[in-house]
Amino acid sequence: MKLFECGSLVPGCPWHTRADEEAEVVRRAVEHMRTTHGETIIRENMIENIKARIVTTEKVTA
Ligand SMILES: [Zn+2]
């Protein structure tokens, strides 16, 4: 599993997402940036910032 915690990019934001594929995590994170943080223009470095903060976690079965 891949995990992205928005708080690592936007201090204080409790939002996080998990998915099997990094691409899916990036997609959801970008969507979150648009809807929650008003980032209407997603720059290339934003994608890089998100990718740099994605961590691999153990699969959660619960
Ligand atoms: Zn956020």
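**View 1. Strands E1 and E2 pair in the antiparallel sense.** In this predicted model, 4 bridges join E1 to E2. Look for Phe4, whose bridge partner in E2 is Thr17. On the E3 side, E1 also pairs in the antiparallel sense, here over 2 bridges. Leu3 is a good place to start there, as its bridge partner in E3 is Val55.

**View 2. The 3 strands form an open sheet.** Reading across it, the order is E2-E1-E3, and the pairing is antiparallel. Which strands sit at the edges? They are E2 and E3 (residues 55-56), each of which pairs on one side only.

**View 3. Helix H1 lies across E1 and E2.** The helix runs at about 155 degrees to E2. H1 has 16 residues, and from its first C-alpha to its last it reaches 21 Å, close to the 22 Å expected at 1.5 Å a residue. Just after the helix comes Gly38, with a positive phi near 65 degrees.

**View 4. H1 has a buried side and an exposed side.** Val25, Ala29 and Met33 are the buried residues to find here. Why do they share a side of H1? They cover an arc of only 80 degrees around the axis, and this places them on the same side of the helix. A general rule helps here: an α-helix has 3.6 residues a turn, so residues three or four places apart point the same way. Turn to the other side of H1 and you meet Ala23, Glu31 and Thr35, which are exposed. The buried residues of H1 pack against three elements: strand E1 (2-5), strand E2 (16-19) and helix H2 (44-53).

**View 5. The largest nonpolar core has 5 residues.** Its members are Phe4, Val25, Ala29, Met33 and Ile50. Helix H1 (residues 22-37) gives the largest share of this core, 3 residues. Phe4 is the core member already met in the sheet, where Thr17 of E2 is its bridge partner. Met33 is worth a pause: leaving aside residues up to four places away in sequence, Met33 touches Glu39, Ile42 and Met46.

**View 6. Lys51 lies in helix H2.** Is Lys51 buried, exposed or partly exposed? Lys51 counts as partly exposed, because 15 C-beta neighbours lie inside 10 Å, while a buried residue needs 20 or more and an exposed one has 12 or fewer. Now find Glu21: Lys51 and Glu21 are 30 residues apart in sequence, and their C-alpha atoms are 12 Å apart in space.

**View 7. Thr40 is in the loop between H1 and H2.** Here 7 other C-beta atoms lie within 10 Å, so Thr40 is exposed. For a sense of distance, look from Thr40 to Arg18: the two are 22 residues apart along the chain, and 23 Å separates their C-alpha atoms.

Note on methods
Residues numbered from 1 in each chain as written. Predicted model: local features only at pLDDT ≥ 70, side-chain atom pairs only at ≥ 80, totals over all residues. Core = buried A, V, L, I, M, F, W, Y, C linked by C-beta atoms within 7 Å. Contact = placed C-beta atoms within 7 Å. Expected span 1.5 Å × (residues − 1). Arc of directions from axis to C-beta. Pairing = 2+ DSSP bridges. Axes fitted to C-alpha atoms, helices over the stretch in contact; angles between N-to-C directions.
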